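Here are some notes for a first reading of this structure, set out as numbered points. Please keep the sequence and the model side by side while going through them.

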Amino acid sequence: MKHLFFAIAALATMFTSCNSQKLLILYYSQTGTTQVVAEELQKQLGADIERIDVAEAYDGDFMATVQRFNEERQSGFVPTLLPLKSNLDRYETIFIGYPVWSGTYAPAVAALLNSANLDGKTVVSFCTFGSGGLNTSTADLVKALPNSTVKEGYGVRAARLHAVPAEVNRFLIENGFKEGSIEALPEYSEQVPVSEEDIEIFNAACSDYQFPLGTPVTVSKRSAAGSEDYLFTVSNGSPFGGAASTSSIYVTVADGCKPEFTVVVR
């Protein structure tokens with residue numbers, strides 16, 4: 001009987017090991033923000049995890065990093081990566097994480113895509129950002145990986161890391177990466193012109209952001225468990241005399257908390 005028990009335990013361990021080897025979390029994190037999301041994914045999935053590092057680290061302040069990034073992008077330069085320890089051939093699904101820089105993934109991910117063969121794999125994006133960029137960076141991943149199945153994953157503002165555990169849990173369950181049950185979110189209502197109260201909520205959520213986010217024009221709403229959510233359509237004016245542009249800004253107001261915007265979709 002004892003031998004049977006150990007045999008079953010060994011098979012269970014082997015199954016768990018093989019299962020975890022099919023999913024890898026790869027991430028680049030300059031300041032540690034994206035690392036928070038990567039480690040939460042690893043915690044909830046029990047997956048393997050590895051950090052991507054460049055040979056010449058982006059270790060300057062914000063402005064120095066932006067300047068270096070812009071110079072490299074204009075010249076077409078792609079940084080050199082330190083060798084990965086993981087054998088990517090062992091994995092069927094790879095989560096790739098990064099901070100969003102100028103609307104797309106950081107250069108370390110561009111270097112990864114240039115050097116790694118991800119053909120036939122499922123790639124799931126995740127990212128951190130100041131205002132948005134999950135949709136645009138994922139679209140760039142789709143273009144860069146025509147022979148992979150690329151899925152838009154999870155993104156969060158760097159100012160909202162407190163929300164990561166609950167939001168990652170919802171994302172993983174909704175997309176079939178994890179078992180569990182969650183309350184379905186209701187649909188947003190129809191867009192209607194903003195009221196004075198709506199504008200106050202928008203300003204409370206967005207006025208502290210370092211860059212202008214536009215003027216709210218219309219809004220739709222929904223009541224979720226523990227929060228009121230708003231989807232604002234925002235006018236960004238007519239820069240340089242061109243056509244007026246709009247964006248969508250999502251705002252959430254958790255019970256007893258200050259309004260905060262979660263993402264800008266341009």
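**Notes on the predicted model**

1. A good place to begin is E72, which, when residues up to four places away in sequence are not counted, touches Y58, F77 and P107. This glutamate sits in helix α3, which covers residues 62-75. Is E72 buried or exposed? Its relative accessible area is 10%, and because a value under 20% counts as buried, E72 is a buried residue.

2. Before going further, please bear in mind that this is a predicted model, and that its confidence varies along the chain as follows. The average pLDDT of the chain is 90, and 90% of the residues score at least 70. Over residues 1-21, however, the pLDDT is below 50, and this stretch has six contacts in the model beyond near neighbours in sequence. I would ask the reader to view that stretch with this score in mind.

3. The largest nonpolar core comprises 32 residues, and those with the most contacts inside it are I94, I96, Y98, L118 and L141. Two or more of its residues come from each of β1 (23-27), β3 (93-101), α4 (107-115), β5 (122-129) and α5 (134-144). In soluble globular proteins, nonpolar side chains tend to be buried together. To follow one member of this core, take L141, which, once its neighbours within four places in sequence are left aside, is in contact with Y98, Y105, V109, L113, S125 and V150.

4. V150, one of the contacts of L141, also appears in the strand pairing, since in β6 V150 is the bridge partner of V123. The strands concerned, β5 and β6 (residues 149-157), pair in the parallel sense over seven bridges. Together with α5, these two strands make a right-handed β-α-β unit.

5. A parallel pairing is also found between β1 and β2 (residues 48-51), here over four bridges, with I25 standing opposite I49 in β2. Between these strands the chain passes through helix α2 (residues 33-45), and this β-α-β crossover is right-handed.

6. One backbone detail deserves a look: S102 has a positive phi of about 50°, although this residue is not a glycine. S102 is found in the loop between β3 and β4, the latter being residues 104-105.

7. Further along the chain, five strands form an open sheet in the order β7-β8-β9-β10-β11, with antiparallel pairing. Which strands lie at the edges of this sheet? They are β7 (192-193) and β11 (260-265), each of which pairs on one side only. Within the sheet, β8 (residues 215-224) and β9 (residues 227-235) pair in the antiparallel sense over nine bridges, and T215 stands opposite S235 in β9.

8. Helix α7 (residues 196-206) should be read together with that sheet, and its buried residues are D198, I201, F202, A205 and C206. Why do these residues line one face of the helix? Seen down the axis of α7, the buried residues fall within an arc of 115°, so they line one face. On the other side of the helix, E196, E197 and E200 are exposed. The buried residues of α7 pack against β7, β8, β9, β10 (246-254) and β11.

How values were computed
Residues numbered from 1 in each chain as written. Predicted model: local features only at pLDDT ≥ 70, side-chain atom pairs only at ≥ 80, totals over all residues. Heavy atoms only, no water. Core = buried A, V, L, I, M, F, W, Y, C linked by side-chain atoms within 4.5 Å. Buried < 20%, exposed > 50% of the residue type's maximum accessible area, 1.4 Å probe, protein only. Contact = heavy atoms within 4.5 Å. pLDDT = per-residue confidence, 0-100. Pairing = 2+ DSSP bridges. Right-handed = clockwise from strand over helix to strand, strands pointing away. Arc of directions from axis to C-beta.
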